[in-house]
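The following report looks at selected strands and helices and at the confidence that goes with them. Please keep the sequence and the coordinates at hand while reading.

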Amino acid sequence: LNYTSPNAPSAKDLLGTWMLSILDGQNRYAHVAALKGDEVAPQILGMNKIMGDESLRRGLAHLAPMQNKKCGEEEKAARAEQLARSTAWMDAALSESTREALRTSWILDVDPSVKPLYGHQDGAEIGYNPKKPGRPSHTLFTYWISNMRLVLDVEVLSGKAHAAKHGLPRLRALIEQLSPEERPALVRGDNAFGIEGMMAQLEEINQRYLSKLRQTPGVKRLIERQWGRDDWKETGQGFDGVEAELKLSGWSRTRRVIVLRRRIKGSLVAEAGQDNPQQTLHFSDEPDDLKIWEYTVLVTNTDYPLEAIGQLYRDRADCENGFDELKNQWGWGGYTTQDLERCNLSARAVALIYNWWSWYVRLAHPKTRLEAITSRPLLLSGVARLTQHAGQCRLLLTLTHAAGDQIKLLTNSYNKVRQ
């Protein structure tokens, strides 16, 4: 940031206000006003004051200027240069927050998430939105360190850019910039990522992957061919599996596929005659009346055994919990502005603060992971008083939470780990 006005706030005030707002669980810029009464937090961070929401929005507009604004070629080039600098700055911060996690064996989960919008923002288009069909939205492409629940990176795209091909350039760039020992052991995705373009790109850079296949006619014929085999092996959670090779019409090569099936048991009800106003239901009370199976077909270029493949893909469901936490307990569902550039910068800032908070809470409570809905009231709620005397600063905290003893244990545990 380079302010020229003598009345402009300092960069530390802007970044500190931004961080405190995200850490407090806010999701709108207007909520910054709730921080105005806090005099201790700005002093701890070396700030002069808490900025207003309008000043914060304008400051972020300097960091990530709008690129499609009508202006001269010289100003357009300056805007592009400033956006490149701020992007590199955030890239370095995110990389630093995940550097230690990449030194272990880890899995990269890739998945798009929908952010509904209620205004006329840039990139607000009607695309895939299962919960609110017809509502304009943005798409959050998230690159997730699954076993640590950390965000490697996130990018905000228009509502129509929800297909896997839109996230492929960033995914490949993220993997290629990592050293060989830091690369993921596996890249996982749902059936949107089980396409030729995605698999071919990952194979080109020698990256192992595991994805689900859509139930296309070619995949259904594969299932029919495998159904009569007698070498099905148990893969856990009630699933049996066999492996085969498959080359669909749009594929460039033959690939290893895993067919998993599980019998659905229990009381089943089928509805028939939907065009008939008289509703008809068919009950199947006996388990042996009808055998109904659910099946999944996975594609991979790994050499993991059959029993491990099924569990590896089922573990992918945990990333949905992280998306729910980031959208509902942090600020991914908000911090919306008219331009896409600031939305992108804010989403990455939320991911950065989320990573910091995850490390902090995990050090305080190593046994299990605490979500923000419980950890923030535990470790952020309190009345603080900062006094300065004889060259010393003293911070007195009065806990208002009922679990005061637990909070002291968590804080002492964190301090021991640091020492």
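## Strands, helix packing and confidence

In this predicted model, strand β3 (residues 150-158) is largely enclosed by the rest of the structure, because eight of its nine residues are buried. Its pairing partner is strand β2 (residues 137-145), and the two run in the antiparallel sense over eight bridges. One of these pairings can be followed at residue level, since F141 has E155 in β3 as its bridge partner. The two strands form a hairpin with four residues between them, and in that turn R149 has a positive phi of about 55 degrees.

The helices offer a separate packing case. Helix α3 (residues 53-63) packs with helix α10 (residues 340-364) at an angle of about 100 degrees, their axes lying 9 Å apart, which means that α3 is roughly perpendicular to α10. On the α3 side the contact involves R57, L60, A61 and L63, which meet R342, L345 and S346 in α10. Sorted by class, this contact comprises four nonpolar residues, one polar residue and two charged residues.

As to confidence, the chain has a mean pLDDT of 86, with 94% of its residues reaching 70 or more. The extremes among the elements of the chain are listed here.

| Element | Residues | Mean pLDDT |
|---|---|---|
| Strand β5 | residues 209-212 | 93, the highest among the elements |
| Strand β10 | residues 280-284 | 60, the lowest among the elements |

Where pLDDT is low, the predicted coordinates should not be read in detail.

Technical notes. Residues numbered from 1 in each chain as written. Predicted model: local features only at pLDDT ≥ 70, side-chain atom pairs only at ≥ 80, totals over all residues. Heavy atoms only, no water. Axes fitted to C-alpha atoms, helices over the stretch in contact; angles between N-to-C directions. Parallel < 35°, antiparallel > 145°, perpendicular 65-115°, else oblique. Contact = heavy atoms within 4.5 Å. Nonpolar A, V, L, I, M, F, W, Y, C, P; charged D, E, K, R; others polar. pLDDT = per-residue confidence, 0-100. Buried < 20%, exposed > 50% of the residue type's maximum accessible area, 1.4 Å probe, protein only. Pairing = 2+ DSSP bridges.
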